[in-house]
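Thank you for making room for this in the meeting. I would like to walk through one structure with you, element by element, and I will try to say plainly where each statement stops.

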Amino acid sequence: MHHSTVRARLFSRRLPRHTVIAIRGELDIATTAALRTRILTILADTTTPVIIDLSAVSFCDASGLALLVGTQRRARLHGLAVTLAAPRPNVAKLLRITGLDHAFVVRPTLAEAQRGHVRTDHRAAA
């Protein structure tokens, strides 16, 4: 099996109120190890809530789900919240049938995820 991240790419950007991690391509056994390493580096280097933009993820298997769950666990160790944003219908269905849609905050768009973090921050302060 070819173990390359050519089938998946990860981009991150820090904004004033959150860090966005955008994943593009396939989240599967061949791509998750390299992605995990990059995500852990990002988590260790941020202090803001994390949004994982799934809008360009075309495929996700059990190892991809494990990557998301592991990311959430590691983020919590750093005191960070994780929101999943804009999963395509096939990924949203996978989250739903595995029950992970209840384990994560899932927003239909990146913009809504960004607004959600602001609202959550204000409620926590109130």
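**A helix to begin with**

Let me start with α2, whose 16 residues should span 22 Å at 1.5 Å a residue, and whose end C-alpha atoms are 23 Å apart, which agrees. Please keep in mind throughout that this is a predicted model, and that the values I quote are computed from it.

Which residues of α2 are buried? They are S63, G64, L65, L67, L68, V69, T71, Q72 and A75, and these buried residues pack against β2, α1, β3, β4, α3 and α4, the last of these being residues 100-103. As a reminder about helices in general, an α-helix has 3.6 residues a turn, so residues three or four places apart point the same way.

After α2 comes G79, which has a positive phi, near 75 degrees. In the loop between α2 and β4 we also find H78, which at 39% relative accessibility counts as partly exposed, since the buried class ends at 20% and the exposed class begins over 50%. Leaving out residues up to four places away in sequence, H78 touches L43 and A44, and the C-alpha atoms of H78 and A44 are separated by 7.4 Å although these residues are 34 apart along the chain.

**The chain and its sheet**

Stepping back to the protein chain as a whole, we have 5 helices and 5 strands, and from the N terminus on the elements run β-β-α-β-α-β-α-α-β-α. Of the 126 residues, 43% are buried, and among contacts between residues at least 6 apart in sequence, 72% join residues at least 24 apart.

The strands form an open sheet of 5, in the order β1-β2-β3-β4-β5, with mixed pairing. At the edges stand β1 and β5, the latter being residues 105-107, and each has a single partner strand, so one side of each is left without a neighbour in the sheet. Neighbouring strands of this sheet are turned against each other by 20 degrees on average, if direction is ignored.

To take the pairings in turn, β1 and β2 run antiparallel and are joined by 7 bridges, with a hairpin of 4 residues leading from β1 to β2; within this pair, A8 stands opposite G25 in β2. By contrast, β3 and β4 pair in the parallel sense, over 4 bridges, and there the bridge partner of I52 is L84 in β4.

Two helices can be placed against these strands. One of them, α1, lies across β1, β2 and β3 and runs at about 5 degrees to β1, while α3 lies across β3, β4 and β5 and runs at about 105 degrees to β3.

**The cores**

What lies inside? In soluble globular proteins, nonpolar side chains tend to be buried together. Here the largest nonpolar core has 27 residues, and those with the most contacts inside it are I23, I52 and L84. At least two residues of this core come from each of β1 (8-14), β2 (19-27), α1 (32-44), β3 (50-60), α2 (62-77), β4 (82-85) and α3 (89-98). A second, separate core has 5 residues, including I51, A85, L110 and A113.

If we look at I23 by itself and leave aside its neighbours within four places in sequence, its contacts are R9, L10, L35, I39, I52, D53, A56 and V57.

**Two residues to look at more closely**

The first is T19, which lies in strand β2 and, at 1% relative accessibility, counts as buried because that value is under 20%. How is the side chain of this polar residue placed? The side chain of T19 is joined to that of T46 by a polar contact of 2.7 Å, and to the side chain of T48 by another of 2.9 Å. Not counting residues up to four places away in sequence, T19 touches R13, R14, I42, T46, T48, P49, V50 and I51.

The second is A86, in the loop between β4 and α3. Its phi is near 55 degrees, a positive value in a residue other than glycine, and A86 is buried, with a relative accessible area of 13%.

Methods:
Residues numbered from 1 in each chain as written. Predicted model: local features only at pLDDT ≥ 70, side-chain atom pairs only at ≥ 80, totals over all residues. Heavy atoms only, no water. Core = buried A, V, L, I, M, F, W, Y, C linked by side-chain atoms within 4.5 Å. Buried < 20%, exposed > 50% of the residue type's maximum accessible area, 1.4 Å probe, protein only. Contact = heavy atoms within 4.5 Å. Pairing = 2+ DSSP bridges. Expected span 1.5 Å × (residues − 1). Axes fitted to C-alpha atoms, helices over the stretch in contact; angles between N-to-C directions. Polar contact = N/O pair within 3.5 Å; in protein donor to acceptor, adjacent residues only side chain to side chain.
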